[in-house]
Amino acid sequence: GALDVVWEIDSTSSELQRRGAAAPDLSVVIAETQSAGRGRRGRTWLSPPGLNLYLSCLKRFDGGFASLTGLSLAVGVIVMRALGALGLCDAGLKWPNDVLTPDGKLAGILVELSGEYQGPCAAVIGIGLNLRLTDALRQQAGQPISDLATLAGGEAPDRNRVAAALITALCEGLDQFDRQGFAGFVDDYASHDLLRGAPLRVQGPQAQWDGVGAGVDARGALCVRTEEGLQSFDSADVSVRRA
Ligand code: ATP
Ligand code: BTN
């Protein structure tokens, strides 16, 4: 696929969306800094230059949206594999799409789909991964955040090594997802799942639920044991935090 490394852009994911049909499969855009980096639901992704990695990848699928359930969780597993290849294992996954260390949020994943429900479609997969944070950045984030330097206990691995590990894991992992869907990732997800067995509060637009994390199902929905029994939640509908 095409590989673009640019100094500044609004958002690497927006860039791939603009290219749309013109972008070859497995196109990757990396930016040194983003002027409008975004997270889920219009939230801001802090994207200063020089420290971190902001990368998006466009992947085409033939089976339509229907075949892509669980893709954003699979990408979490893919990021964990890339970290593992760098010798960094002390991180885990917070459903649906965060990579956390004991200190806070290390990476965020944003998967956006376009195309048809049944038929050709494309996913733009955006990954923001912190290598080195400043105190100013920690203060700007609305939650505890973390970086590879802390995870590695000193210096972060070289940024090109991290980018290479991430791109390798993406190319291999997205091929695997194309062949096997989320089923091929369920066991790996479970081994990194930080919410299993944890007391949780699930927040929906109108209601909230308290319970204990019970893993994810074959569709990637979050399962929670509540007073009313076992419930499952779709990532489009709710936010979850440890209670
Ligand atoms: P949810 O579980 O609903 O996804 P979330 O709070 O993690 O909740 P996201 O939209 O996934 O929300 O991520 C955006 C949030 O990530 C921001 O509101 C901010 O708190 C945090 N954030 C922003 N920039 C960074 C960064 N560079 N590193 C880590 N975290 C960041
Ligand atoms: C989240 O946790 O909500 C997801 C954050 C995703 C951030 C990455 S950085 C590269 C790509 N470009 C963006 O604007 N967002 C994603």
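Is S11 buried or exposed? S11 is buried, with a relative accessible area of 2%. That residue opens the tour below, which goes through a predicted model one close-up at a time.

**View 1. S11, tucked into a loop.** Look for S11 in the loop between β1 and α1. Its relative accessible area is just 2%, and the cut-off for buried is under 20%, so S11 counts as buried. Setting aside neighbours within four places in sequence, S11 is in contact with Q34, A36 and R38. S11 also turns up in the next view, as one of the residues closest to ligand 2.

**View 2. Ligand 2 and the residues around it.** Here 19 residues surround ligand 2, and the closest are S11, Q34, R38, R40 and K105. Start with S11: an N or O atom in its side chain is 2.8 Å from an oxygen atom of ligand 2. Move on to T12, where a side-chain N or O atom is 3.3 Å from a nitrogen atom of the ligand. Then find K105, which has a polar side-chain atom 2.8 Å from an oxygen atom of ligand 2. On its own, ligand 2 would expose 420 Å², and the protein buries 98% of that. The space ligand 2 takes up is the largest pocket.

**View 3. Which elements build the shell of ligand 2?** At least two shell residues come from each of α1 (12-19), β3 (53-61), β6 (104-115) and β7 (121-129). Which of them gives the largest share? That would be β6, with 4 residues.

**View 4. Helix α1 and its cover.** The helix that helps surround ligand 2 has some buried residues of its own: T12, S13, S14, E15 and L16. What lies over them includes β1 (3-9), β2 (27-34), β3, β6 and β7. Just after α1 comes G20, with a positive phi of about 45°.

**View 5. Ligand 1 and its contacts.** Now for the other ligand. Of the 16 residues around ligand 1, the ones that come nearest are R43, L46, K105, N130 and S239. K105 is a familiar name by now, as it is also among the closest residues to ligand 2. A polar side-chain atom of R43 lies 2.8 Å from an oxygen atom of ligand 1. In the side chain of S239, an N or O atom is 2.9 Å from a ligand oxygen. For Q143, the distance from a side-chain N or O atom to an oxygen of ligand 1 is 3.1 Å. Taken alone, ligand 1 exposes 620 Å², of which the protein buries 89%. Ligand 1 sits in the largest pocket, and that description also fits the space taken by ligand 2.

**View 6. N97 and a cis peptide bond.** This close-up is about the loop between β4 (92-94) and β5 (98-101), where N97 lies. P96 has its place in that loop too, and a cis peptide bond with omega of about 0° joins W95 and P96. Most peptide bonds are trans. What does the side chain of N97 reach? It gets to the backbone oxygen of I109, at 2.8 Å. Leaving out neighbours within four places in sequence, N97 is in contact with R40, S72, A107, G108 and I109. At 8% relative accessibility N97 is under the 20% cut-off, so it counts as buried.

**View 7. Two positive phi angles in loops.** Most residues other than glycine have a negative phi. L26 is not a glycine, yet its phi is positive, about 65°. Look for L26 in the loop between α1 and β2. R41, also a residue other than glycine, has a positive phi near 50°. R41 has its place in the loop between β2 and β3. Is R41 buried or partly exposed? At 46% relative accessibility, R41 counts as partly exposed.

**View 8. D175 on helix α5.** To finish, find D175 in helix α5 (residues 159-180). D175 has a relative accessible area of 37%, which lies between the 20% and 50% cut-offs, so the residue is partly exposed. How far from D175 is G211? The two are 36 residues apart along the chain, and their C-alpha atoms are separated by 35 Å.

Terms used
Residues are numbered from 1 along each chain as its sequence is written. Chains are lettered from A and ligands numbered from 1 in the order in which they are written. This is a predicted model: local features need pLDDT of at least 70, side-chain atom pairs count only at pLDDT 80 or more; totals for chains, interfaces and linings use all residues. Side-chain values use heavy atoms; hydrogens and water are left out. Buried means under 20% relative accessible area, exposed over 50%, partly exposed in between (1.4 Å probe, protein chains only). A polar contact is a pair of N or O atoms within 3.5 Å; within protein, one must be able to donate a hydrogen and the other to accept it, and residues adjacent in sequence count only if both atoms are side-chain atoms. Contact means heavy atoms within 4.5 Å. A residue is near a molecule or strand if one of its heavy atoms lies within 4 Å of it. Accessible areas come from the Shrake-Rupley method with a 1.4 Å probe; for residues, only the protein chains shown count as cover. On a 1 Å grid over the protein atoms alone, a cavity is a set of points where a 1.4 Å probe fits but cannot get out, and a pocket is an open set with protein on both sides within 12 Å along at least five of seven lines; lining residues have an atom within 4 Å of a point. A molecule sits in a cavity or pocket if more than half of its atoms lie within 2 Å of its grid points.
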